[in-house]
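The following exchange concerns the terms used to describe a predicted model. Each answer sets a computed value against the criterion behind the term.

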Amino acid sequence: MPHVEPAHLMELALGNDVSSDARGALQHIAACNRCREELSQIRRVVVSARDVEESDLPTAPPERVWQRITQQLSAAEPHRTRRSTNRHGRTIRYALGLLVGIAFIWWWSRTGP
């Protein structure tokens with residue numbers, strides 16, 4: 001049997017009722033270290049996300065913080081290279097993606113599927 005699809009692993013980790021393929025998938029997971037570890041990691045994320053309280057979520061900083069960041073970036077612009085800009089932008093996108101993912105799992109765990 002091929003590896004279990006990530007979407008199927010997610011359904012198992014969430015405890016959702018899965019199709020008749022569940023038995024074969026569970027047998028595969030029992031024999032496959034890779035799928036078993038991936039399911040374990042997804043379950044840890046689900047458990048952590050379900051424990052998140054609204055007060056745990058990040059809040060937007062005050063406007064003065066954004067103004068200061070904008071000033072410093074404007075002052076540093078001539079010294080920045082294209083490579084460092086790309087790396088910085090990629091890091092911000094990853095961080096934002098992670099935050100959106102956590103917020104979505106938190107919201108979904110509160111509202112249900």
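Q: At what angle do the axes of helix α1 (residues 6-14) and helix α2 (residues 22-31) cross, and within what distance do they come?
A: The two axes cross at roughly 95° and come within 12 Å.

Q: Why are α1 and α2 called roughly perpendicular to each other?
A: The term applies to angles of 65 to 115 degrees. The crossing angle of α1 and α2 is roughly 95°, and the two helices are therefore roughly perpendicular.

Q: Which residues of α1 and α2 meet?
A: From α1, His-8, Leu-9 and Leu-12 take part; from α2, their partners are Ala-22, Ala-25, Leu-26 and Ile-29. The criterion for such a contact is heavy atoms within 4.5 Å.

Q: What makes up the contact of α1 with α2, by class of residue?
A: Six nonpolar residues and one polar residue form the contact, with no charged residues.

Q: Which residues of α2 are buried?
A: Ala-22, Ala-25, His-28 and Ile-29 are the buried residues of α2. Buried here requires a relative accessible area under 20%.

Q: How do you know on which side of α2 these buried residues lie?
A: The buried residues cover an arc of only 125° around the axis, so they are on the same side of α2. In general, an α-helix has 3.6 residues a turn, so residues three or four places apart point the same way.

Q: Against which helices do the buried residues of α2 pack, and which residues are exposed on the other side?
A: The buried residues of α2 pack against α1 and α3. On the other side of α2, the exposed residues are Arg-23, Gln-27, Ala-30 and Ala-31.

Q: What makes Pro-58 count as buried or exposed?
A: Exposed requires a relative accessible area over 50%. Pro-58 has 58% and is therefore exposed. Pro-58 lies in the loop between α3 (33-50) and α4 (63-76).

Q: What distance separates the C-alpha atoms of Pro-58 and Ala-103?
A: The separation is 9.4 Å, although the two residues are 45 residues apart along the chain.

Q: What pattern does the secondary structure of the protein follow?
A: Along the sequence the pattern is α-α-α-α-α, in keeping with a count of five helices and zero strands.

Q: How many of the 113 residues, as a percentage, are buried, and what area does the protein expose?
A: Buried residues account for 18% of the 113 residues. The protein exposes about 8900 Å², of which carbon and sulfur atoms supply 57%.

Note on methods: Residues numbered from 1 in each chain as written. Predicted model: local features only at pLDDT ≥ 70, side-chain atom pairs only at ≥ 80, totals over all residues. Heavy atoms only, no water. Axes fitted to C-alpha atoms, helices over the stretch in contact; angles between N-to-C directions. Helix = DSSP H or I, 4+ residues; strand = E, 2+ residues; numbered from the N terminus. Parallel < 35°, antiparallel > 145°, perpendicular 65-115°, else oblique. Nonpolar A, V, L, I, M, F, W, Y, C, P; charged D, E, K, R; others polar. Buried < 20%, exposed > 50% of the residue type's maximum accessible area, 1.4 Å probe, protein only. Areas by Shrake-Rupley, 256 points an atom, 1.4 Å probe, with all protein chains shown as cover. Arc of directions from axis to C-beta.
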